[in-house]
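Here's a quick walk through the packing in this one. Have the viewer open and follow along.

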Amino acid sequence: MRNLKLLHSREHGPVQALGSPQCFCLRADQGTLLIGSEYGILELDPAIRGVMNDISLTVDGFLPEDGSGHIVGIEDLPDQESVCIATAAGDVILCNLSTKQLECVGSVDSGLTTMSWSPDQELVLLVTGQRTLIMMTKDFEPITEREIHQDDFGEGKFITVGWGKKETQFHGSEGKQAAHRKQTEVPPASSSDDGRPRVTWRGDGQFVAVSAICPQTGARKIRVWSRELVLQSTSEPIPGLEQALAWKPSGSLIASTQEKPNKHDVVFFEKNGLLHGEFTLPFQKGKAKVNELLWNLDSTILAVWLEDVKKEKNSETNTYVQLWTVGNYHWYLKQSLHFGSAEKSRLVSLLWDPEIPYRLHALCRGWHALCYDWHWSTDCLLHLCSLHGLLKGVLSGFRPPSDMSV
């Protein structure tokens with residue numbers, strides 16, 4: 001059986017910096033990390049185990065000096081030799097890391113909750129405080145704006161004729177009443193949901209999925225949009241659907257999580273919004289919550305970032321990451337990384353390397369980053385045991401001729 005084994009791990013930091021880290025991205029061409037906080041951004045260089053750049057965003061008023069600001073997105077743009085930063089206040093800022101020059105390329109009065117760049121970095125999608133989507137080019141030219149919450153299903157609406165009609169389908173023991181049964185109401189999202197929209201792009205950048213809480217029902221829905229922000233599909237009503245969202249880079253499935261009455265599942269959606277399989281996480285319902293899901297570059301590993309559910313207000317919670325793989329339609333837990341309950345070791349952000357498929361990066365609250373390199377290893381122990389048993393059986397059945405001296 002193929003197992004996922006740790007080749008080596010590295011820790012960078014901790015470093016001395018103001019505030020707490022909020023998010024980070026990789027500057028792949030330099031091998032550095034860009035970390036955002038409530039005061040600005042800094043560039044951490046693992047090679048020198050120190051800070052290369054420390055750029056304040058409070059001096060020019062992009063973030064408040066009292067530390068109440070929040071960065072909702074950060075993206076390295078090597079073609080522009082800059083890093084793009086989006087703040088909760090609504091500013092989109094370009095920062096040249098060589099000159100440390102800041103340029104506000106746009107602002108949204110209602111604020112921003114998410115910024116997400118397409119994999120080819122040709123487009124950027126902004127989610128505003130008024131629950132709208134703004135698609136722009138890499139030069140920050142607006143393409144279009146849409147409301148997140150649409151009544152229409154989308155262009156991929158199912159065509160039901162003949163056997164596909166609800167009234168002509170076979171309903172088994174439920175009888176004809178199933179054809180006319182009203183759709184059950186979906187309960188609101190759980191209290192552990194942070195309420196923020198999630199955005200994930202397909203690997204080729206042709207489609208983007210957005211998960212958001214419906215203002216009418218309080219439940220989450222997933223919508224798939226084209227690059228031109230034309231709605232393609234809307235997920236079917238799913239009770240207990242949660243915030244985590246990750247589109248498999250190969251393009252086949254969109255992963256999310258669902259809390260069910262007696263278990264906690266990772267569920268998969270097709271591009272048309274229909275459910276397509278699931279697997280159950282190995283803990284009791286209500287014991288842990290899923291913060292995020294992340295696929296690695298070649299779609300072979302799904303990382304599940306979890307933390308224990310607090311039982312008491314001041315109790316500490318453990319954070320951990322599980323790595324899952326699939327084979328023959330069965331999901332296997334291959335590794336589990338535990339970060340403990342100490343405040344400084346709690347995970348802030350997690351991402352897979354955009355160029356090295358089996359490299360995982362983690363950022364902790366205590367201003368230190370971790371890097372894990374994994375590799376596949378075939379465990380031959382079972383095959384050796386089988387071979388030993390076979391040889392033992394053959395030898396036990398061997399009888400020397402009567403004239404052979406032993």
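## Two buried tryptophans, one core

W374 is buried, with a relative accessible area of 4%. Keep in mind that this is a predicted model. Y372 is buried too, at 11% relative accessible area. As for W352, its contacts beyond four places in sequence are L294, W295, N296, I301, A303, L323, P357, Y358, R359, L360, H361 and W374.

Zooming out, the largest nonpolar core has 31 residues, and the members touching the most others are I35, V321, L323, F339, W352, L360 and W374. Plenty of strands chip in: β2 (21-27), β3 (32-37), β4 (40-45), β23 (302-308), β24 (319-327), β26 (347-352), β27 (359-364) and β28 (368-378) each give this core at least two residues. There's also a second, separate core of 19 residues, with L253, F279, A288 and L293 among them.

## Rings on rings

How many aromatic pairs are there? The count comes to nine. One of these is F268 with W295, a tilted pair at 6.4 Å centre to centre and 45° between the planes. F268 sits in strand β20 (residues 264-269) and W295 in strand β22 (residues 288-295), so this pair ties together parts that are 27 residues apart in sequence. Both F268 and W295 are buried. Then take Y372 and W374: the ring centres are 6.2 Å apart and the planes are at 20°, so that pair is stacked.

F268 and W295 also belong to one aromatic cluster, together with F279, W324 and W331. F279 is a member of the second core as well.

## Charges over rings

Two cationic side chains are worth a look here. R2 lies over the face of W376, 4.1 Å from the ring centre. K334 has its charged end over the ring of Y332, at 5.4 Å from the centre.

## A four-stranded open sheet

Now for the backbone. β2, β3, β4 and β5 make an open sheet in the order β2-β3-β4-β5, paired antiparallel. Which strands stand at the edges? They're β2 and β5 (50-56), each with a single partner strand, so one side of each is left without a neighbour in the sheet. On average, neighbouring strands here are turned by 20° against each other, direction ignored.

The antiparallel pairing of β2 with β3 runs over six bridges, and C23 stands opposite G36 in β3. β2, β3 and β4 also tie back to the start of this report, as each supplies at least two residues of the largest core.

Technical notes
Residues numbered from 1 in each chain as written. Predicted model: local features only at pLDDT ≥ 70, side-chain atom pairs only at ≥ 80, totals over all residues. Heavy atoms only, no water. Core = buried A, V, L, I, M, F, W, Y, C linked by side-chain atoms within 4.5 Å. Buried < 20%, exposed > 50% of the residue type's maximum accessible area, 1.4 Å probe, protein only. Contact = heavy atoms within 4.5 Å. Phe/Tyr/Trp six-rings, centres within 6.5 Å; stacked < 30°, edge-to-face > 60°. Lys NZ or Arg CZ within 6 Å of the ring centre and 35° of its normal. Pairing = 2+ DSSP bridges. Axes fitted to C-alpha atoms, helices over the stretch in contact; angles between N-to-C directions.
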